[in-house]
Amino acid sequence: MKKALILGLVVAAVAAFFVLDLGQYLSLEYLKASRAEFAALYAQQPLLTAAAFFLLYVAVTALSLPGAAIMTLAGGALFGLGTGFLLISFASSIGATLAFLVARFLLRDTIRKRFGDRVKAFDAGVERDGAFYLFALRLVPIFPFFMINLVMGLTSMRVVVYYLVSQVGMLPGTLVYVNAGTQIGQLESLSGLLSPALIGSFALLGVFPLLARKILDLIKARRIYRGWNRPAQFDRNLIVIGAGAGGLVSAYIAAAVKAKVTLIEKHQMGGDCLNTGCVPSKALIKTAKTVHLAQRAEQLGLRKLSVEFDFAEVMERVQRVVRAIEPHDSVERYSALGVECIQGEARLVSPWEVEVDGRRLSARSIVLATGARPFIPPIAGLDQGAPWYSSDTVWSLREQPQRVVVLGGGPIGSELTQAFARLGSTVTQVEMGPRIMPREDADVAATITARFRAEGIDVRTDARAEEVLQRDGVWLLRCATPDGDVELPFDALIIAVGRQPRLEGYGLQELGVRTGRVIETDEFLRTNFPNIFAVGDVAGPFQFTHTAAHQAWYAAVNALFGQFKKFRADYSVIPWCTFTDPEVARVGLSEEEARAQGIPFEVTRYGIDDLDRAIADEDAQGFVKVLTVPGKDRILGATIVGIHAGDLLAEFVLAMRHGLGLNKILGTIHIYPTLAEANKYAAGEWKRAHAPEGLLRWVEKYHGWRRK
């Protein structure tokens, strides 16, 4: 009842404001026209006028009505700088706090029930830094004040903290606006528009946000760096820790712009992608696909095509590919580019200093690109000598395991599952969720699952690994399933359930760099120390080599030139591909993501089984699926399942990045016969579904008339 009563009063007051057109009294025109009457009233009844103005200002801000800015100017015009500033500074804070309390009383319980987990995470941030960020929002109003009142009312911030921070944070802006109002009050003629005082007052309105942001940065820096002694000068412009994709690109950019940069790597140049990830897995997939192609010889009109191979030679070939690519990421290459490369274990000892094997280096900025490592779940018995491998160590195998269990249904697990199966191992894939490839739509997962099972792979979903045990000399993985426990025999257990960022061992915690699941960064890739940046797997939100390289540009440029211009990292168009056969490539939204986010969409689908080139190649499987804005050709996302899907996706990535719609793809010439025609035919399917039927009926009549 209390909530209903308060809500009714608020709605009635806001409705009255608009229905009675009370906003006309909170306009600059009305202020100018009535200034003389207000001045006379204030001269006769100063206390009553001031009290009425104060209460009106509180009401306007408490109800989030438009006009607070005009009233602030009016306060300066009517009461002068001193009295106007005093009245408005308190009225605005009290009104904001009342709006805060109304939002808390009416909405907080409902919001918490519906979005409990998200609110908890938000509350944790407010508990830690809420006062500081509220001060920042008050000082530099990125969002309208009524939005701040509403959102903060949903948090657990104490009322007294909210009031005091608002009171202090709004003082500079209030002073600038009241001062501008005093100049409007002194305007007697049009010539006064050019007076230095008026021009200066309004110039303050323009430059104040910039000045406030600089002041805020200084306050933040002083707070963050308290207790640390900044070196008088720096040995380098940039230190990069980690020589994977993110670290290499960061160092490359720094050297290209003639900065002095040091790259530190404790293990292997090139990081996980070169040595244990992208490169070796694709080399293995290529060999496995060749074996599979031979097994399909009859489909290609060949009587028989046999392949003999030695597993050890296959794995040596994988390492040969790695060695062939190594020079691209080598110390020699980067040294020639002007990068100082140091092999050793780095440790942060201050916000500007890194220690490497007893040697202390200093730089104005630091980029953390320490990558990730395989996540190994706590499975009972795993440490009892079982032959298990991670996605990092599987490359040490030289004897082919006959029975392989792959734990994990994501991209890494799925790629390794199919590769080992095609090389002749009996493979069981275990996924704890309801389907493999959980980040993709259900129809995508179903297509890959069907292909795996057709190739003899035992795909087990809804299966949770519980224990590794040995019985009669046979290693077994016990899994819990909805139908009871099952025991899966294996000669090699490959654990590929994801990767976790490397957050320990190089001084993050001791320094005070904030971490959660990853290193916490802002939109400029800065950590809570503004001169320390993080990129790649250790920073998220994506664990892709190309994303790490993408982030590295922003981090390096912001680290070296951020005092002039900073760039926000752009994740609007991020593509990725899982290199199974058929491949699965995607950019933008999937159907399930669009539904979860409440984004309206249309789906256009083209089956690759209808594509001439795919039919000729005996690879007529898969589809192109495009999500578009309803009634428009603007692309929200695209998924391709098929041969060379990762290559075909590039056209959609380009289209989304530059705002090109399906009509542009349809109007682009594609070579016949190529797989790329699938993209054009998908665009044609969209066009056919959106044909102007009414216009076409008239055109049909026109052609009929022309035949007479």
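Q: Which helix supplies the largest share of the nonpolar patch, 5 residues?
A: In this predicted model, local features need pLDDT of at least 70 and side-chain atom pairs pLDDT 80 or more, while totals for chains, interfaces and linings use all residues. Residues are numbered from 1 along each chain as its sequence is written, and side-chain values use heavy atoms, without hydrogens or water. The patch consists of L86, F90, I94, L98, L101 and V159 (over 30% relative accessible area, no salt bridge, nonpolar side chains joined within 5 Å). Its largest share comes from residues 68–114, helix α4 (a DSSP run of H or I, at least four residues).

Q: What accessible area do the patch residues have together?
A: One of them, L98, is in helix α4. L98 is partly exposed (between 20% and 50% relative accessible area, 1.4 Å probe) at 38%. Together the six residues L86, F90, I94, L98, L101 and V159 have about 450 Å².

Q: Is M437 buried or exposed?
A: M437 lies in the loop between β10 (426–430) and α16. Its phi is positive, about 50°, although M437 is not a glycine. Because its relative accessibility is 3%, M437 counts as buried (under 20%).

Q: What is the relative accessibility of D462?
A: D462 is in the loop between β11 (458–460) and β12 (464–471). D462 is a residue other than glycine, yet its phi is positive, near 55°. D462 counts as partly exposed because its relative accessibility is 34%.

Q: What is omega for the cis peptide bond joining D581 and P582?
A: P582 sits in the loop between β18 (575–578) and β19 (583–588). For the cis bond between D581 and P582, omega is about 5°.

Q: Which residue precedes P673 across a cis peptide bond?
A: P673 is in the loop between α23 (662–666) and α24 (677–689). With omega near -10°, the cis bond to P673 comes from Y672.

Note on methods: Patches are made of residues with over 30% relative accessible area and no salt bridge: like charges are joined within 9 Å, nonpolar side chains (Val, Leu, Ile, Met, Phe, Trp, Tyr) within 5 Å. Accessible areas come from the Shrake-Rupley method with a 1.4 Å probe; for residues, only the protein chains shown count as cover. A salt bridge is a side-chain nitrogen of Lys or Arg within 4 Å of a carboxyl oxygen of Asp or Glu. Helices (H or I, at least four residues) and strands (E, at least two) are DSSP runs, numbered from the N terminus.
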